[in-house]
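Thanks for making the time this morning. I would like to walk you through one model, so please have the sequence and the coordinates open while I talk.

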Amino acid sequence: SFPNRVRINPAFVPYVRKQYRIKCILFSLYSYLYVLDLFALLRIMIIIHIMCSGFLFIQPGRLHSRSHGYTQTNRDDGKTSPSGKARVCISTNAVSCYVSQLSGQMVELFEACQQQSTDLERKELCRAQLQREIQRLFPLVRLYLAGSSLSGFGSRNSDADLCLVIQAAPVSVDQRNDAVYVLSLIQQLFYRLSYIERPQLIRAKVPILKFRDKVSGVEFDLNVNNTVGIRNTFLLRSYAYAERRVRPIILVVKRWARHHRINDASKGTLSSYTLVLMVLHYLQTLPEPVIPSLQNEYPECFSPSMDIHRVPEGPRDIPPYSSSNQASLGELLLGFLKYYTSVFRWDKQVISVREAKALPKSNSLEWRDKFICVEEPFDGTNTARAVHEKVKFDAIKAQFAESWQMLQLRKDLSFILPIRNTIQR
């Protein structure tokens, strides 16, 4: 007797024989491909596989078609399985199988690299301790954790951003003078703290104090009164938890961009913040949006005039968004690369998450002669202004096109991003 015997209606015997012949032909072609390893034959096999999708493949213990009247029996008594129905696995389309594999790779990468709750707790402990230390110099200040660490888009090795808000200031702090002075005093304080090492003052457009916490091993960037960073952190956090697919696709896109060296604003390419806005914009502009514009849906929660100390409380009651778009992560990643390769008009459009659409590019100073235009949701500035060289812009566009073409052909994330090496880092 044979295990997992299958009873077949005699009327379907010719059909089964036909499927068996097709399977033999496919097996022979696959064997020939394995021996010769010819790329041309690989393309032929992909086409054949797509054309033959949905055909019946009988395997021990499982039937792969419910639509032709087959039932599965137990090994000894000939009765039907407990469920009364055969276990069914229908291969509807070879392409969808490959996209499913791509989605699985994205989930694996996300689960391995996403920031853990323990990582966030260590950063929060350091923030609380530093706030107590800094309040010895400036009693009325508040120190906020900001950036990807709090927004939900951080990874295990992400740096952390801190924003020092000087409550008593009647006007905004001048970033070129007052902020540098405040940070220089804090730098002297940090030299005396045993758990802080390498405090370094960077005199940029928005000055920052870089340092490392010895206890957690986390690198921090501290700025003064850059409150728009606090506002957009809680806006992005709301998007991150509005829909379950948002965080995985953004983490994969950031890792992809970093691998291809187009994710470094200091070197004239895209900042991580800009990449996040680009992904959110794409998800908003699909025929069936994955996410809405939260600023349009809940204006009272994200008002630019809201007191900065109330900002963390603003979006707490926003419910998850229920999208009718059921695309998989793999399909969304392919769509994202295609959108910025062949749909979005870089020379005529501005990316706007605030409006959930592409805005026409005006002749204002903010957008004039800029290669990439991405609107900051609160102050309206261009977050992609670092891309000011045509050679860097062309490299970014070329990488989008190359990755889209490769992923469209292979449906395998490892062809555009070395998954194992990325996870190990």
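I will go from the whole chain to one sheet and its helices, and then to the salt bridges.

What you are looking at is a predicted model, and everything I say should be heard with that in mind. The protein chain holds 13 helices and 9 strands, and of its 425 residues, 46% are buried. If we take the contacts between residues at least 6 apart in sequence, 64% of them join residues at least 24 apart. The accessible surface of the chain comes to about 22,700 Å², and carbon and sulfur atoms account for 53% of that area.

Let me turn to the sheet. It is an open sheet of 5 strands with mixed pairing, and the order across it is S3-S4-S7-S6-S5. At the edges are strand S3, residues 141–146, and strand S5, residues 196–202, each of which pairs on one side only. From one strand to the next, the twist averages 25°. Within this sheet, strand S6, residues 208–213, and strand S7, residues 219–224, run antiparallel and are joined by 4 bridges, and Phe 211 stands opposite Phe 220 in S7.

Next come the helices that contact the sheet. Helix H4, residues 117–134, lies across S3, S4, S5, S6 and S7, and runs at about 160° to S3. Helix H6 also packs on the sheet, where it touches S4, S5, S6 and S7, and its direction makes about 165° with that of S5.

One residue in each of these helices deserves a closer look. Glu 133, which has its place in helix H4, is counted as buried because its relative accessible area is 8%. Leaving aside residues up to four places away in sequence, Glu 133 touches Leu 189, Leu 193 and Tyr 195. Tyr 181 is found in helix H6, residues 178–191, and is classed as exposed because its relative accessibility is 54%. Together with Leu 137 and Leu 185, Tyr 181 forms a nonpolar patch on the surface, and the three have about 280 Å² of accessible area together.

That brings me to charge. Side chains of opposite charge can pair when their charged atoms come close. How many salt bridges are there in this model? The count comes to 15, and I will pick out a few of them.

In the first example, Arg 420 forms a salt bridge with Glu 108, with the closest N and O atoms 2.8 Å apart. This pair links distant parts of the chain, since Arg 420 is in helix H13, residues 419–424, and Glu 108 is in helix H3, residues 94–113, with their positions 312 residues apart. Arg 420 is exposed, at 52% relative accessible area, while Glu 108 is partly exposed, at 30%.

Another example takes us back to the sheet, where the side chains of Arg 212 and Glu 197 meet in a salt bridge at 2.5 Å, N to O. Arg 212 is in strand S6 and Glu 197 in strand S5, 15 residues apart. Arg 212 is partly exposed, with a relative accessible area of 22%. Both residues belong to a network of salt bridges that also links Arg 198 and Glu 219.

My last example is Glu 313 with Arg 316, whose side chains meet in a salt bridge at 3.3 Å, N to O. Here Glu 313 counts as partly exposed, at 47% relative accessibility, whereas Arg 316 is exposed, at 60%.

Notes. Residues are numbered from 1 along each chain as its sequence is written. This is a predicted model: local features need pLDDT of at least 70, side-chain atom pairs count only at pLDDT 80 or more; totals for chains, interfaces and linings use all residues. Side-chain values use heavy atoms; hydrogens and water are left out. Patches are made of residues with over 30% relative accessible area and no salt bridge: like charges are joined within 9 Å, nonpolar side chains (Val, Leu, Ile, Met, Phe, Trp, Tyr) within 5 Å. Accessible areas come from the Shrake-Rupley method with a 1.4 Å probe; for residues, only the protein chains shown count as cover. A salt bridge is a side-chain nitrogen of Lys or Arg within 4 Å of a carboxyl oxygen of Asp or Glu. Helices (H or I, at least four residues) and strands (E, at least two) are DSSP runs, numbered from the N terminus. Buried means under 20% relative accessible area, exposed over 50%, partly exposed in between (1.4 Å probe, protein chains only). Two strands pair if DSSP finds at least two bridges between them. Axes are lines fitted to C-alpha atoms, for helices over the stretch in contact, and angles run from 0 to 180 degrees between N-to-C directions. Contact means heavy atoms within 4.5 Å.
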